[in-house]
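Thank you all for making the time this morning. I would like to walk through the places where parts of this assembly meet, and I will take them one at a time.

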Amino acid sequence: MFPARAHREYPHRYRLEAGQCKKCGKVVFPRRLICPVCGHREFGKVILPDTGKLVSYSVIRVAPSQFTDEAPYAIGIAELTNGVKLMAQVADCDVDNIKVGMDIRIEFRRIQTDGHHGVLSYGYKFVPKWY
Amino acid sequence: MVGIVGYGAHIPRHRIKVEEIAKVWGADAPSYKKGLMLTQKSVPSPDTDTITLSVTAARNALLRAGKVNPVEIGAIYIGSESHPYAVKPSGTVVAEAIGATPEIHCADFEFACKAGSEAMFVCLGLVKSGYVKYALAIGADTSQGAPGDALEYSASAGAAAFIMGSDNLLAEAVDTYAYMTDTPDFWRREYQFYPQHGGRFTGEPAYFKHVTGCAEGMMKKVGMKPSDFNYVVFHQPNGKFPMRVGKMLGFKKEQIEPGWLTPRLGNTYSGSSPIGLTATLDIAKPGDMILMVSYGSGAGSDGFVWKVTDRINEVRDKAVRTTKLLDENITFVDYGTYAKFRHKIRKND
Ligand SMILES: [Zn+2]
């Protein structure tokens, strides 16, 4: 990932910052310019909760080149405790043990290394919630 | 009065047993287990490094700190010998991830296994001087021993974070002390992947001399003796050294045990005595006195005397306890998985 793009995305990738429509209250993640519900253009900042449930997932067995070492791995969609849905890799979990409905927690992880020379990209992943 | 406002730890969930490593190198597992007094060590997954461990530990520290707004943290120092970048401080990413930028002073610290306690020492000083309201000190490592080397059985991963401040303390820093000499017991030259160590030279003139020197100097400075402390936390390169040094100094096993994690965690290097302190705070009562002595090869020790306050009872369960991270929800891996996780296998780029 280009450093400039990664840098722009720190607020949501690093800190789970979402936008909340000042008119109808809809929480959008990542933040956007226009509310998909009411068309309003003003948003406040909210931080997403770090727990939720997995609602869907797909196991990647043939991975893109930068992720081949991690295959097989799962990409899942989780619904957080405030109803917001987001997509991330499911880490620290054998792909055979992943189940729809399992409790997850969001953890800060390394996403990409860009070879031995590039910038390191960090962000959020899901891990099984066990406490 | 300055001290700890919030503390938190993080330990990766994977473990490898001494037997599994010994099997690969044809070594005798029982003698390693007995000699090092440890049975297993933590293994970081490939997407886990000093930065990610630090972020999770810092978030746990913020949970226990309660009303501290991250933007009020005026300094962040991360001590590690496994910073992911050679040039670019780990603290830049961690401060950004917890929302503490941009008005914050940042540097990475290095001093073998005592880099984390160095960060604690400096943070206390900055808060005491009034330069910053809060300061975040982290000791974190994903340390590596060369394959087949004795260090491979113990070098592990983990992190502890402490938010230092002057009000709302859960433990007061009564005093600090430092003891340091030029002792070449362990080192790594630039561009070298694995560290070198001086074999038996690492014991008496290095670990034992500095830890006893620091503990005795610290106790003399505050006018206390071993029996005045409820708990003591030493740096733990293996399970044996902290027990032996405790006995040399006149501490009892019961004072050492709550923070003695290496037998089932391994040596988390910069995280070692700091994580031991988090486990000790997890079970401490108001009024308890804790002595902490770190050790970093090269060589030196930092000493701290902590006095636990009433606030410990309110905050200890605001975040996950260290022994829970250590003993529950763990997965054992085989040597092949470990070698892949730790990038010990050379591939074509
Ligand atoms: Zn709206």
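How much area do chain A and chain B bury between them? The answer, and please keep in mind throughout that this is a predicted model, is about 2100 Å², with 53% of that area on carbon and sulfur atoms. In terms of residues, chain A brings 20 to this contact and chain B brings 26. For anyone who wonders about the choice of area, the size of an interface is often given as the accessible area lost when the parts come together.

Let me turn to the polar side of this interface. Between chain A and chain B there are five salt bridges, and the count of residue pairs in polar contact, with both residues at pLDDT 80 or more, comes to 14. On the side of chain A that touches chain B, the elements supplying two or more residues are α2, β7 (103-112) and β8 (121-128) of chain A, and of these β7(A) gives the most, with four residues. If we sort the residues on that side of chain A by class, we find 12 nonpolar, one polar and seven charged.

One residue at this interface deserves a slower look, and that is B:D47, which sits in the loop between β3 (40-43) and α3 (50-65) of chain B. Which residue does B:D47 meet in a salt bridge? The partner is A:K125, with an N to O distance of 2.8 Å between the two side chains, and these side chains are also joined by a polar contact of 2.8 Å. Setting aside residues up to four places away in sequence, B:D47 touches A:A91, A:R109, A:R110 and A:K125 in chain A, together with B:T52 in its own chain. Is B:D47 buried or exposed? Its relative accessible area is 7%, and because the cut-off for buried is under 20%, B:D47 counts as buried.

Now to the interior division of chain A, where the domain assignment gives domain 1 as residues 1-48 and domain 2 as residues 49-131. The contact between these domains draws 10 residues from domain 1 of chain A and 14 residues from domain 2 of chain A, while their centres, taken over C-alpha atoms, are separated by 20 Å. The two domains of chain A bury about 1100 Å² between them, and carbon and sulfur atoms give 68% of this area. How many salt bridges are counted between domain 1 of chain A and domain 2 of chain A? The count is zero, and it is likewise zero for residue pairs in polar contact when both residues must be at pLDDT 80 or more. On the side of domain 1 of chain A that touches domain 2 of chain A, helix α2 (residues 10-15) gives the most, with three residues, and by class that side has eight nonpolar, one polar and one charged residues.

Chain B is also divided in two, with domain 1 made up of 3-170 + 316-341 and domain 2 covering 171-312. The C-alpha centres of these two domains of chain B lie 16 Å apart, and the contact involves 62 residues of domain 1 of chain B and 56 residues of domain 2 of chain B. The buried area here is about 4600 Å², with 60% on carbon and sulfur atoms, and on the domain 1 side of chain B the residues losing the most area are B:C113, B:L170 and B:R316, which together account for 16% of what that side buries.

Across this interface within chain B there are three salt bridges, and the count of residue pairs in polar contact, again with both at pLDDT 80 or more, is 30. The largest share of the domain 1 side of chain B, seven residues, comes from α5(B), and by class the residues of that side divide into 29 nonpolar, 21 polar and 12 charged. I would also point out the salt bridge that B:R264 forms with B:D327, in which the closest N and O atoms are 2.8 Å apart.

I will finish with B:K67, in the loop between α3 and β4 (73-79) of chain B. B:K67 is exposed, with a relative accessible area of 63%, and, leaving aside neighbours within four places in sequence, B:K67 is in contact with B:E72 and B:N168.

Terms used:
Residues numbered from 1 in each chain as written. Chains lettered and ligands numbered in written order. Predicted model: local features only at pLDDT ≥ 70, side-chain atom pairs only at ≥ 80, totals over all residues. Heavy atoms only, no water. Domains from an automatic or database assignment. Contact = heavy atoms within 4.5 Å. Buried area = accessible area lost by both parts, 1.4 Å probe. Salt bridge = Lys/Arg side-chain N within 4 Å of Asp/Glu carboxyl O. Polar contact = N/O pair within 3.5 Å; in protein donor to acceptor, adjacent residues only side chain to side chain. Nonpolar A, V, L, I, M, F, W, Y, C, P; charged D, E, K, R; others polar. Buried < 20%, exposed > 50% of the residue type's maximum accessible area, 1.4 Å probe, protein only.
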